[in-house]
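Please examine the sequence and the three-dimensional structure shown below. The report that follows describes selected strands, aromatic rings, a pocket and several backbone positions.

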Amino acid sequence: MRNIFLSAATVLLAGTTLVGSVHSAELPKGAAHNIVLVHGAFVDQTSWQPVADILTKKGYNVTLVENPLTSLAADVDATKQALAKQNGRTILVGHSWGGVVITQAGNDPKVSALVYVSAFAPEVGESLASLAKAGPPTEGGNAIHPDAKGNLYIDPKVFPSAVAADLPPEIAEHLANSQLPLNHVAFEAPVTVAAWHDKPTFYVISTKDKVLAPEAQKSFAARIKAQTTEVAGSHASLVVHAKQVAEVIEKATLAK
């Protein structure tokens with residue numbers, strides 16, 4: 001079940017180096033050196049691999065959080081454990097469900113900026129469930145269903161077109177059949193902290209997203225007063241438009 005996005009990364013970014021040793025590159029003066037990437041529901045941390053490869057090659061210290069997806073508290077704890085290992089100012093980035101996680105975990109004093117990529121940005125008291133109910137319906141959102149144990153999945157028949165229409169069909173189908181479930185407890189849990197009130201914020205809007213409606217993304221970006229960038233991509237824009245997403249994260253490293 002692990003590394004389900006590595007095939008996409010290989011196709012789209014052939015020749016790059018996986019996250020590991022940091023290359024000896026000179027970062028911009030005053031830039032935060034640390035970047036922590038938080039993945040969304042239904043996929044694992046390798047969804048961030050294309051972006052991580054770009055940033056690592058430039059000299060940033062990049063950490064991929066492995067969310068258990070069992071509850072909001074568990075994912076926040078995993079993120080806080082990653083933040084505890086950082087030395088100095090850190091950019092915290094979330095995709096999709098990961099936006100809920102970074103909203104709750106982002107009040108850590110090491111976090112100097114927040115970056116939302118096609119992500120939910122709740123206010124205190126809001127949950128993923130309440131945001132999904134209030135927002136415009138989407139093909140992907142309508143295809144999320146629980147199994148007998150209360151774990152949520154996207155209908156595998158709908159997943160390729162709704163989530164990853166701009167990925168090669170064989171990769172989109174593989175992802176559809178290799179989903180990691182999001183427990184309904186996480187879906188229903190409200191945040192008790194909204195870190196975006198006190199941190200510089202950035203938002204990447206995916207204009208062809210069929211999971212989180214672009215209109216909802218624009219609304220979130222406006223509410224959190226984020227610097228916004230638009231990419232003509234699906235919900236998987238962090239893979240397909242990794243270069244543009246990495247550029248936004250680099251801008252965030254200079255935020256004061």
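## A buried tyrosine and its surroundings

Tyr203 is buried, with a relative accessible area of 0%; here buried means under 20% relative accessible area, exposed over 50%, and partly exposed in between, with a 1.4 Å probe and protein chains only. The model is predicted, so local features need pLDDT of at least 70 and side-chain atom pairs count only at pLDDT 80 or more, while totals for chains, interfaces and linings use all residues. Residues are numbered from 1 along each chain as its sequence is written, and side-chain values use heavy atoms, with hydrogens and water left out.

Tyr116 is likewise buried, at a relative accessible area of 0%. A search of the whole structure returns two aromatic pairs. In one of them, the ring centres of Tyr116 and Tyr203 are 6.2 Å apart and the planes stand at 5 degrees, so the pair is stacked. Tyr116 belongs to strand β4 and Tyr203 to strand β8, so the pair ties together parts that are 87 residues apart in sequence. For this assignment, rings of Phe, Tyr and Trp (its six-membered ring) pair if their centres lie within 6.5 Å; planes under 30 degrees apart count as stacked, over 60 as edge-to-face and the rest as tilted.

## Strand pairing

Helices (H or I, at least four residues) and strands (E, at least two) are DSSP runs, numbered from the N terminus. Two strands pair if DSSP finds at least two bridges between them. Strand β4 covers residues 111–117, and seven of its seven residues are buried. Strand β3 (residues 90–95) runs parallel to β4 and is joined to it by six bridges. One bridge partnership links Thr90 with Val111 in β4. Between β3 and β4 the chain passes through helix α4 (residues 98–105), and this β-α-β crossover is right-handed; that is, with the strands pointing away from the viewer, the path from the first strand over the helix to the second runs clockwise.

β4 also pairs in the parallel sense with strand β8 (residues 201–206), over four bridges. Here Val115 stands opposite Phe202 in β8.

An open sheet of three strands has the order β5-β6-β7 and antiparallel pairing. Its edge strands, β5 (144–146) and β7 (182–183), each pair on one side only. Strand β6 (residues 151–154) and β7 are joined in the antiparallel sense by two bridges, and Leu152 stands opposite Leu182 in β7.

## The largest pocket

The largest pocket has a volume of about 620 Å³. On a 1 Å grid over the protein atoms alone, a pocket is an open set of points where a 1.4 Å probe fits, with protein on both sides within 12 Å along at least five of seven lines; lining residues have an atom within 4 Å of a point. Grid points are joined across faces, edges and corners, and the volume is the space filled by probe spheres set on the points.

The lining of this pocket comprises 37 residues, of which Phe120, Ala132, Gly141, Ile144 and Val211 lie nearest its centre. At least two lining residues come from each of α5 (128–134), α6 (139–142), β6, α7 (159–163) and α10 (214–223). α10 supplies the largest share, four residues. By class, the lining holds 25 nonpolar, ten polar and two charged residues. In this scheme Ala, Val, Leu, Ile, Met, Phe, Trp, Tyr, Cys and Pro count as nonpolar, Asp, Glu, Lys and Arg as charged, and the others, Gly among them, as polar.

## Helix α2 and positive phi values

Helix α2 (residues 49–57) is mostly covered, with eight of its nine residues buried. The buried residues include Gln49, Asp53 and Thr56. Just after α2, Gly59 adopts a positive phi of about 110 degrees.

Two residues other than glycine also have positive phi values.

| Residue | Phi | Location | Relative accessible area |
|---|---|---|---|
| Leu69 | near 65 degrees | loop between β2 (61–65) and α3 (72–84) | 2%, buried |
| Ser96 | about 60 degrees | loop between β3 and α4 | 9%, buried |

## Segment after α12

Ala255 lies in the segment after α12 (242–252) and counts as buried at 12% relative accessibility. Ala255 and Ser178 are separated by 77 residues in sequence and by 37 Å in space, C-alpha to C-alpha.
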